[in-house]
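Student: Please take one part of this model and go through it closely. I would like to see how the strands and the aromatic rings are arranged there.

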Amino acid sequence: MAVSTSQYDVIIIGAGAAGLMCAATAGYRGRKVLVIDHANKPGKKILMSGGGRCNFTNLNSTPANFLSDNPHYCISALKRYTPQDFVELVDRHGVEYEEKAPGQLFCKDSAKDILNVLLTECEWAGAEIRMNTAVSGVQASGSGYAVKTTAGSLKCQSLVVATGGLSIPTMGATGFGYELAKQFGLAVLPTRAGLVPFTLHPELKQQLAPLAGVSCPVDASCRKQHFREPMLVTHRGLSGPAMLQVSSYWQPGDELHINLLPAQTVQDDLFALRKQKPQSTMAQYLNQHLPKRFAQAFNELQGWSRPLQEYRNQDIERIADTLGNWTIKPAGTEGYRTAEVTLGGVDTRQLSSKTMAVLEQPNLFFIGEVVDVTGHLGGHNFQWAWASGVAAGNEA
């Protein structure tokens with residue numbers, strides 16, 4: 001019995017944020033579009049993102065919010081499809097949302113609302129979506145591509161790879177997109193986990209263990225990148241937005257520098273306090289500015305037990321330096337298991353920044369997380385998915 005071959009204008013591998021956005025965009029141009037994915041449901045990462053509420057864009061997103069070995073690559077797509085463009089789409093579908101932190105938009109109800117917008121758009125645009133369909137091989141064929149799948153052979157003029165990165169393998173993440181890129185002669189830059197919690201060496205982990213669940217605002221820095229956001233102590237190490245942000249810049253062996261009191265001028269405070277209330281203790285000072293459990297544990301860790309009048313100027317300078325530049329060397333990160341994104345990926349120097357197409361093979365496109373463009377925490381990665389999906393969808 002002959003295997004049937006279905007012919008499409010565009011086949012998109014991956015039914016995530018970028019793939020669905022691309023499908024609707026291409027479909028509205030009158031293209032016959034098929035989206036295929038090995039998972040059982042589309043948009044799984046959309047549904048779990050933002051604690052199930054999906055931080056779907058950031059109104060302040062600029063190219064400066066992205067990491068890439070080729071930093072100018074993302075500018076064109078981000079300029080042509082802005083956060084405001086996506087907000088207008090969401091508004092048209094009547095989705096209610098709220099701004100939690102400055103610029104960060106979340107669904108008021110559920111991340112399902114964003115997925116439903118994308119699926120509705122795909123339906124209106126006539127794009128077909130087939131789940132539970134794994135790809136076993138792709139070959140260039142004539143002026144297009146032949147795609148072998150578990151549901152038979154498919155053919156298309158344009159092939160879009162929107163397979164995502166390696167983060168959260170339990171959601172079905174694989175390195176398939178990278179393998180495909182290499183098959184077609186593209187360079188793939190080394191990948192690693194980004195926006196991921198840190199693990200600590202046993203001694204520090206044990207010292208901080210009683211603080212699991214405590215969060216405090218800090219200024220965290222690594223490799224000249226600063227983030228003033230909350231830090232969260234966990235059973236395994238350090239997390240929270242500040243740590244996730246710096247993790248994308250951190251390399252094994254690097255130290256993290258954490259200002260525990262970024263809103264205070266600690267040295268001036270302590271000199272004044274010593275003068276006014278010489279019997280005051282560091283514990284009392286820290287209790288005013290840090291969560292009580294954290295203040296107590298950190299104070300004990302440093303052994304600051306005497307009244308302030310017993311500390312000399314240089315002691316106070318040292319204390320202020322410790323609080324303003326708490327330096328730790330993480331053991332590592334939690335890796336892809338909990339990482340929100342994958343750093344590295346398909347080298348963008350081989351892609352058109354206007355269309356996301358491979359320069360040498362104009363009918364082959366790579367979009368979303370599979371390419372070497374990674375956003376900061378706070379909705380930027382979704383904005384890249386929308387912008388790169390639209391750029392490819394307008395051309396594929």
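Tutor: What follows is a close look at strand β6 and then at an aromatic cluster.

This is a predicted model, in which local features need pLDDT of at least 70, side-chain atom pairs count only at pLDDT 80 or more, and totals for chains, interfaces and linings use all residues. Residues are numbered from 1 along each chain as its sequence is written, and side-chain values use heavy atoms, with hydrogens and water left out.

Strand β6 spans residues 104–107. Helices (H or I, at least four residues) and strands (E, at least two) are DSSP runs, numbered from the N terminus. Gln104 and Phe106 are on one side of β6, Leu105 and Cys107 are on the other, and all four are buried. Buried means under 20% relative accessible area, exposed over 50%, and partly exposed in between, with a 1.4 Å probe and protein chains only. In a regular strand the side chains alternate between the two faces of the sheet.

Strand β3 (residues 55–58) runs antiparallel to β6 and is joined to it by three bridges; two strands pair if DSSP finds at least two bridges between them. Thr57 has Leu105 in β6 as its bridge partner. Strand β5 (residues 97–99) also pairs with β6 in the antiparallel sense, over three bridges. Here Tyr97 stands opposite Cys107. The hairpin of β5 and β6 has four residues between the strands, and Gly103 takes a positive phi near 85° in it.

The charged end of Lys100 sits over the ring of Phe106, 4.5 Å from its centre. The criterion is that NZ of Lys or CZ of Arg is within 6 Å of the ring centre and within 35 degrees of the ring normal.

Tyr97 also belongs to a cluster, in which ring pairs link it with Phe56, Phe86, Phe382 and Trp386. Rings of Phe, Tyr and Trp (its six-membered ring) pair if their centres lie within 6.5 Å; planes under 30 degrees apart count as stacked, over 60 as edge-to-face and the rest as tilted. The structure holds twelve aromatic pairs. In one of them, the ring centres of Phe86 and Trp386 are 4.2 Å apart and the planes are at 5°, so this pair is stacked. Because Phe86 lies in helix α4 (residues 83–92) and Trp386 in helix α13 (residues 380–393), the pair ties together parts that are 300 residues apart in sequence. Both Phe86 and Trp386 are buried.
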